[in-house]
Amino acid sequence: MGQILSKVSSDITSTNSVELIILGLDYKQFIKFKDFLKQYIGSIKAIYQRTFLEKRADIEVDVKGSAQSLSEELALQDFKEFKIAIIDFSENKLTLKVDKK
């Protein structure tokens, strides 16, 4: 039991908050993209939608790892549904240009 609690505690405390600015999707596509992130990006533990305005969405994600590791995971994979380009990167913020394939 102690090992399970230790593992859960470790998973919670080792996450980092990263702001994602997502450009290029209408609201319907954005909803699908959020579901896609939850399903296919294993390092993302939670998603919090902040704003959406004319093909620009701001979300915050809790990731296991760093903004850099998340950017690499997004950039290096070839996804069937979306084409993702990293436009801007900083310590805790990523700007993505996303197109539906």
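Start with the whole protein chain on screen and look at its contacts (heavy atoms within 4.5 Å). Among contacts with a separation of 6 or more, 56% are between residues 24 or more positions apart. This is a predicted model, in which local features need pLDDT of at least 70, side-chain atom pairs count only at pLDDT 80 or more, and totals for chains, interfaces and linings use all residues. Residues are numbered from 1 along each chain as its sequence is written, and side-chain values use heavy atoms, with hydrogens and water left out.

**The overall layout**

Switch to a cartoon view. The protein chain has three helices and five strands, where helices (H or I, at least four residues) and strands (E, at least two) are DSSP runs numbered from the N terminus. Along the sequence they come in the pattern α-β-α-β-β-α-β-β.

Now add a surface. About 6,400 Å² of the protein chain is exposed, and 51% of that comes from carbon and sulfur atoms; such areas come from the Shrake-Rupley method with a 1.4 Å probe, and for residues only the protein chains shown count as cover. Of the 101 residues, 31% count as buried. Here buried means under 20% relative accessible area, exposed means over 50%, and partly exposed lies in between (1.4 Å probe, protein chains only).

**Stop 1: the aromatic rings**

Select Phe33 and Phe36 in helix H2 (residues 27-40), where they sit three residues apart, about one turn of the helix. An α-helix has 3.6 residues a turn, so residues three or four places apart point the same way. Both Phe33 and Phe36 are buried.

How many aromatic pairs does a search of the whole structure find? The search finds eight. Rings of Phe, Tyr and Trp (its six-membered ring) pair if their centres lie within 6.5 Å; planes under 30 degrees apart count as stacked, over 60 as edge-to-face and the rest as tilted. The Phe33 and Phe36 pair is stacked, because the ring centres are 5.8 Å apart and the planes are at 25 degrees.

Extend the selection to Tyr40, Phe79 and Phe82, which ring pairs link with Phe33 and Phe36 into a cluster. Then add Lys100: its charged end sits over the ring of Phe82, 4.9 Å from the ring centre. For that label, NZ of Lys or CZ of Arg must be within 6 Å of the ring centre and within 35 degrees of the ring normal.

**Stop 2: the buried face of H3**

Move to helix H3 (residues 67-76) and pick out Ala67, Leu70, Ser71 and Leu74, which are buried. Look down the axis of H3: the buried residues fall within an arc of 100 degrees, so they line one face of the helix. The arc is that of the directions from the helix axis to the C-beta atoms. To see what covers these residues, show strand E1 (15-23), H2, strand E2 (44-52), strand E3 (56-64), strand E4 (82-90) and strand E5 (93-100), which are included in the cover.

Zoom in on Ser71, which counts as buried at 10% relative accessibility. A polar atom of the Ser71 side chain lies 2.7 Å from the backbone oxygen of Gln68. Beyond its neighbours within four places in sequence, Ser71 is in contact with Ile86, Phe89 and Leu94.

**Stop 3: two serines in loops**

Where is Ser43? Look in the loop between H2 and E2. Ser43 counts as buried, at 12% relative accessibility. Its side chain is joined to that of Glu73 by a polar contact of 2.7 Å; a polar contact is a pair of N or O atoms within 3.5 Å, and within protein one must be able to donate a hydrogen and the other to accept it, while residues adjacent in sequence count only if both atoms are side-chain atoms. Leaving out residues up to four places away in sequence, Ser43 touches Asp62, Val63, Lys64, Leu70 and Glu73.

Next select Ser14, in the loop between helix H1 (2-13) and E1. Ser14 is partly exposed, at 29% relative accessibility. With residues up to four places away set aside, Ser14 touches Val63, Lys64 and Gly65. Draw a C-alpha to C-alpha distance from Ser14 to Gly65: 7.4 Å in space, for residues 51 apart in sequence.

**Stop 4: the loop between E2 and E3**

Finish with a backbone check. Most residues other than glycine have a negative phi, and most peptide bonds are trans. Glu54, in the loop between E2 and E3, has a positive phi of about 40 degrees. Lys55 lies in the loop between E2 and E3 and has a positive phi of about 65 degrees. Glu54 is exposed, with a relative accessible area of 71%, while Lys55 counts as partly exposed at 45% relative accessibility.
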